[in-house]
Every structure is written in C-alpha cells, then in structure tokens.
Amino acid sequence: MMTTPLLEIRQLYKSYQKAQGIFGRKTIQALSDISFSLYPGQTLAIVGETGSGKSTLAKLLVGIETPDSGEILLEGEAVTISDYKKYNHVIRYIFQDPARSLNPHQKVGQMLDDVLRYSTQLDEEQRQDKIHQTLQQLGLMEEHADYYPHMFSGGQLQRVALARALIMDPKLLILDEALTALDPSLRAQIVNLLLELQKNTGLSYLLITNHLRLVRHISDSMLVLHQGKALDYGQTHEVFSNPQHDYSKKLIKSAQS
Amino acid sequence: MILLDIKNLTIELETAEGLIRAVDRVNLTIREGEIRGLVGESGSGKSLIAKAIVGVLNKRWHITADRFSWAGQDLLRLSYEEQRKIIGRDIAMIYQEPSRSMDPTAPILEQLIESIPDSELESSWWGRPFERRKKAIALLHKVGIRDHQAIFNSYPYQLPEGVCQKIMIAMAIAKKPKLLIADEPTTALESTTQAQLFRLLASFNQLKGMSILLISHELETVARNTQTLSVLYCGQLVEAGETATILKQPLHPYTDALIKSVPEFQPDLASKQPLYALPGSIPTLQHLPIGCRLGPRCPNARKECVKTPVLDRLQNHYFSCHFPLQGKK
C-alpha cells in the first residue's frame with residue numbers, strides 16, 4: 001500500500017516487575033514482539049482473553065505506560081512519551097463503562113469545555129460552538145450540555161463518552177470493550193454511528209474486545225493476542241476462515257458454535 | 001409435565017410516587033427437561049422474574065399473579081415456610097458475577113460442603129464429614145474440574161471467573177434441583193469459557209433431565225442453547241414460543257429488531273454495513289409509556305397501541321402486538 005499507515009507498531013515489548021518473596025523479583029512479559037499497522041479509515045480489532053495484554057497495549061498507545069523497547073509510529077513519525085501532549089489530539093480512548101468513566105459531579109457541557117480548554121487555543125465562543133456541533137454530530141441535542149451524566153440512559157451516555165473523544169477531531173479512536181456492555185438494540189445504534197463516522201470523516205478505530213461476532217462485522221483486520229504474543233494477524237475474513245494457531249481456532253470456533 | 005406455570009405475574013415497586021409496575025402480566029411456563037431462554041435488555045425485568053421465582057425479593061416489591069404454581073402447587077397460597085421448603089428443595093440459581101456471589105472469607109471446600117443438603121447423605125452421623133468431602137469432590141469432577149485439591153483450599157478471589165462459575169454450578173446441582181435458573185451466567189467470562197459452560201449446562205439438562213431457565217440479554221447465545229424462548233421488553237412479555245420458530249418468523253416488531261441487530265443472523269449483510277436499529281432508547285422505570293411499552297420506538301405503532309395488547313397465539317407461538325408482522329390468523 002502506498003499511503004503511510006496512521007499508526008504503526010514495530011516490535012513492541014513490555015514487561016512488568018512483580019515482587020516475589022522479600023527480595024526476589026519476577027518479570028512478567030506482558031507483551032512481546034507486537035507489530036501491526038493501521039491505515040486511515042480502517043478498523044483493527046484486537047482480540048484476546050483477560051491477561052492477554054490487550055489493555056497493556058492500549059495503555060502503551062495512549063501513553064499511560066512506556067514500552068520497554070519497540071517503536072510506535074504515528075503517521076510515519078516515531079512518538080515518545082514526551083510528545084504525549086501533542087498526540088493526545090490524534091488518539092482518543094473510550095472506556096468500557098461510560099457511567100463510571102464520566103465525572104458525576106460535572107455537567108456534560110463543562111466536561112467537554114475542559115477538554116477544549118486544556119488542549120486547544122479556542123476562545124469561549126468557539127468552544128461553545130464546537131461543543132454544540134459535536135453533540136449534534138452524535139445525535140444529541142444542544143440542551144444536553146446542561147445535563148449531568150446520571151440523567152442520560154446507557155446508550156446516550158456512551159454517545160457522551162464518544163463526544164468527549166471526538167471533540168478533538170482525532171484520527172484514531174481506541175474502543176476498549178466500549179460496545180460490550182451495551183444492550184443489543186443500543187449497541188446496534190452505536191455501531192451504526194461509528195460506521196457512519198468512519199465513512200464520513202475517515203476515522204480509524206482500534207477495537208479491543210472479546211466479542212468476536214461484532215469483530216467480524218465491523219473490523220477490516222484483526223490481531224489475536226494470547227499471553228502477550230501476537231498469534232494471527234491479517235484481514236478479518238481471512239483470519240476467520242483460516243486461523244493458523246490452535247488458540248485462534250478455538251476462539252473462532254467458540255464464536256460460531 | 002409442567003414444572004413452573006406462571007400466569008399474569010405482576011411485580012410492582014413501592015415508591016414515593018406510588019406503585020411502579022416493573023413487570024406487567026408476564027406468563028411463563030417451564031416443562032420438565034426444557035431449556036427456556038428469557039431475553040430482554042436492561043430494565044426488562046428478567047432478573048426480577050427470576051428473583052420472584054426463587055422468592056428473594058424484599059417487602060418493597062409486591063408480587064401478584066393469577067397462577068404461580070410449582071409442580072401443581074400454588075406457591076403464592078402457601079405460607080412463607082412452606083414456600084422456602086419447596087423452593088429450597090427444587091430450585092437453584094446461579095448469578096452473573098460468580099466471584100462476587102460467593103463468600104469471600106471461606107475456602108471453596110467449606111462453601112461446597114455447606115451446599116450439600118443432609119437429605120443427600122446416607123451414612124450415619126460419624127461417617128458424614130467424610131461423605132460430604134467425597135460428595136464435594138464428585139461435584140467438582142462433574143463440572144469438569146479435575147484438580148480438586150488445589151481448588152478446595154483456595155478462596156474465590158484466587159480463582160479465575162470461569163472456575164468460580166463452575167463451582168457455583170457445582171453448588172447449585174448439589175441438591176439435584178429440578179430447575180436451575182441461570183441469570184446471565186456468562187457475561188463475566190471469556191468466549192472460550194462461555195462455550196464450555198453452555199456445554200456443561202446442556203449436558204446436565206440431557207443427563208439429569210434438569211430444566212434450565214437461561215436469562216440473558218444476548219439473543220445469539222440464548223438462541224443457540226435453548227429450545228424455547230420468551231422475549232421481554234420493559235416488563236412486558238413480547239413474544240414466546242419455540243426458539244427456531246421465533247428466529248425464523250418473528251411476529252413482534254421488537255423481536256424482529258433484536259434479530260436484525262445481530263450480524264450473525266444476517267448472513268446477507270456485507271461487513272461494515274449499518275445494522276438495523278430501533279430509534280430511541282429504553283425508557284426508565286419512572287417514565288414508562290402506557291399501553292404497549294414499545295410504542296414510542298415501534299416502527300408500526302398506530303393509535304391502537306396506547307392500549308396494552310393481549311397475548312395472542314398462533315399455534316404454540318405467543319405474541320402480544322396489535323399489528324403482528326405476519327397477518328393475524
């Protein structure tokens with residue numbers, strides 16, 4: 001492919017130290033030799049069970065943790081942890097449970113305003129415009145800016161969480177199990193919203209989940225993680241029709257049986 | 001034989017603003033050896049129904065029903081002690097988050113032993129501790145845990161969620177119940193463990209003839225593992241019947257929307273195409289619409305929908321809608 005990938009990961013390693021006994025230390029290899037690339041307007045799904053390193057990977061991408069070795073390239077440029085302020089515009093993160101990741105004491109409008117105040121140069125009026133515009137883009141109303149999180153229903157709350165992420169016009173959205181907890185009919189709504197946004201703005205998604213049926217529908221490529229190692233990586237339909245490793249076979253079979 | 005037969009079950013919550021009807025005249029029957037699925041989104045009252053069956057709702061909830069019979073006996077007419085006796089003997093329940101519903105302060109062996117009723121033991125009192133232990137080991141083997149020694153001395157927090165759920169099942173089947181209620185048994189589990197668990201439940205159903213009420217919000221998992229299905233929306237029974245028939249030909253717009261929103265059931269849908277979704281969101285308990293509660297979100301709602309539709313049937317397929325998707329009769 002000619003275009004540069006939006007996000008490229010090269011041989012990423014990460015390990016944690018864990019105390020064992022009084023003086024001893026045990027090294028836990030959370031991720032070893034992970035490489036993948038994600039192109040604009042595409043969706044990459046990362047699948048794996050708990051403890052497979054999915055969340056560690058997401059933390060490395062948003063800069064909560066630093067990798068031991070390896071490179072993270074954003075649009076062809078290597079990023080380091082000190083660039084975090086620069087690239088938090090580009091990568092945004094959506095958490096699993098919107099009800100718990102939003103501040104219950106803060107109105108939605110204030111919360112969105114904070115994001116803009118800390119990370120952009122916009123003045124008051126521009127910020128208000130941007131907030132209203134984003135809310136509308138997500139199918140919410142301008143009045144919702146004066147609501148507190150508890151006044152929303154589950155599906156709307158996930159939209160608010162999306163608004164907080166999308167207000168910075170990011171290029172990559174990391175969805176950490178963001179669709180799993182939703183009810184089916186609301187999930188369909190959010191999936192449609194995400195697909196539409198992708199089509200209109202060329203947003204890329206990194207979908208971290210163990211909900212395989214959804215992966216099959218919305219992702220272009222997928223990566224199977226198991227105990228910190230990448231097993232299968234490729235186009236989603238190829239991985240689904242022809243998984244190489246035993247674990248991936250088991251995983252895919254469990255989604256179909 | 002019909003084990004559980006519930007007709008017009010209504011569960012109301014006492015609040016400062018008056019009674020709120022959380023479950024509105026729901027019918028439910030479970031035959032011996034049947035696996036019935038109960039599907040509904042959050043707020044549909046599926047867990048309330050399960051709790052009403054095992055009788056663990058507190059005094060704030062008012063339970064009324066035209067018929068609430070267990071194996072021919074009307075439970076609501078019995079005294080509290082008699083109810084507990086019957087339910088305790090015949091019905092077992094497993095919960096959503098196993099590690100949270102176990103006792104965190106006791107090792108697994110103690111909890112397992114506690115769940116074995118005296119009626120299951122044969123030896124005289126001095127042989128009982130030994131027999132209990134033997135039974136506990138057998139139970140763990142039954143649910144597919146081979147290394148019982150390591151499990152026995154562990155506490156729930158030390159074990160993976162999947163193992164905890166298996167132990168919960170072991171506890172539930174210790175008294176050989178006639179009905180097992182599984183309230184979202186797999187939401188906390190990995191997809192590979194989920195498949196294992198359903199195989200386990202299916203094997204108990206086939207070998208022991210144990211009926212299972214499988215409660216979930218994921219239509220696809222329920223559809224794959226059940227013979228009959230009841231669909232709830234906001235406390236109203238929307239559709240009930242055989243799983244295969246419902247999936248093939250849903251009569252209620254809500255069931256139709258549920259089926260269409262699952263990509264798995266739509267083989268013709270190309271990937272990345274929009275899914276079918278009902279507009280709007282699930283109403284909260286304080287703001288329930290009158291009549292058919294799907295009304296405001298329903299694509300075919302008309303004037304008549306402000307009246308609650310009565311449950312209608314097409315052979316063994318029950319539905320409650322004024323305008324079913326396939327012509328009436």
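A residue counts as buried if 20 or more other C-beta atoms lie within 10 Å of its own, as exposed if 12 or fewer do, and as partly exposed in between. The exercises below concern a predicted model.

**Exercise 1. Determine which residues of helix α11 of chain B are buried, and state what covers them.**

Solution. Helix α11(B) runs over residues 253-260. By the cut-off of 20 C-beta atoms within 10 Å, 7 of the 8 residues of this helix are buried, and the helix is mostly covered. The buried residues are Pro253(B), Tyr254(B), Thr255(B), Asp256(B), Ala257(B), Leu258(B) and Ile259(B). The cover over these residues includes elements of chain B, namely α9 (219-225), β10 (228-233), β11 (236-242) and α10 (243-248). It also includes α7 of chain A.

**Exercise 2. Describe the side of chain A that touches chain B.**

Solution. Begin with the totals: chain A gives 26 residues to the contact, and chain B gives 27 residues. Next, locate the elements of chain A involved: α6 (154-166), α7 (184-201), α8 (212-218) and α10 (246-256) each supply at least two residues of this side. The largest share, 8 residues, comes from α7(A). Finally, sort the side of chain A by class: 9 residues are nonpolar, 12 are polar and 5 are charged.

**Exercise 3. Classify Gly109(A) and Leu189(B) as buried, partly exposed or exposed, and place each in its surroundings.**

Solution. Take Gly109(A) to begin with. Gly109(A) belongs to helix α4 of chain A, residues 108-119. Because 19 other C-beta atoms lie within 10 Å, Gly109(A) is partly exposed. Leaving aside residues up to four places away in sequence, Gly109(A) touches Ile131(A), Ala145(A) and Asp146(A). Leu135(A) is 26 residues from Gly109(A) along the chain, and the C-alpha atoms of the two are separated by 9.5 Å.

Now take Leu189(B), which sits in the loop between β8 (179-183) and α8 (191-208) of chain B. Leu189(B) has 21 C-beta neighbours inside 10 Å and therefore counts as buried. With residues up to four places away in sequence again left out, Leu189(B) touches Glu161(B), Gly162(B), Gln165(B), Gln194(B) and Leu197(B). Arg128(B), 61 residues from Leu189(B) in sequence, is 35 Å away from C-alpha to C-alpha.

**Exercise 4. State how strands β1 and β2 of chain A pair, and describe the hairpin between them.**

Solution. Strand β1(A) covers residues 7-20 and strand β2(A) covers residues 24-38. These strands pair in the antiparallel sense over 11 bridges. Within the pair, Glu8(A) of chain A stands opposite Ser37(A) in β2(A). The hairpin has 3 residues between the strands, and Gly21(A) there takes a positive phi near 70°.

**Exercise 5. Assess the overall dimensions of each chain against the globule rule.**

Solution. Chain A contains 10 helices and 10 strands. Its radius of gyration is 19 Å, close to the 18 Å that the rule gives for 257 residues, so chain A is as compact as a globular protein of that length. The C-alpha atoms of chain A fill a box of roughly 50 × 45 × 45 Å along the principal axes. Of the 257 residues, 42% are buried.

Chain B contains 11 helices and 13 strands. For 329 residues a compact globule would have a radius of gyration near 20 Å, and the 21 Å of chain B agrees. Its C-alpha trace spans about 70 × 50 × 40 Å along the principal axes. Buried residues make up 41% of the 329 residues of chain B.

Methods:
Residues are numbered from 1 along each chain as its sequence is written. Chains are lettered from A and ligands numbered from 1 in the order in which they are written. This is a predicted model: local features need pLDDT of at least 70, side-chain atom pairs count only at pLDDT 80 or more; totals for chains, interfaces and linings use all residues. Helices (H or I, at least four residues) and strands (E, at least two) are DSSP runs, numbered from the N terminus. Two residues are in contact if their C-beta atoms, placed from the backbone, lie within 7 Å. Ala, Val, Leu, Ile, Met, Phe, Trp, Tyr, Cys and Pro count as nonpolar, Asp, Glu, Lys and Arg as charged, and the others, Gly among them, as polar. Two strands pair if DSSP finds at least two bridges between them. The radius of gyration is taken over C-alpha atoms; the globule rule is 2.2 Å times the number of residues to the power 0.38.
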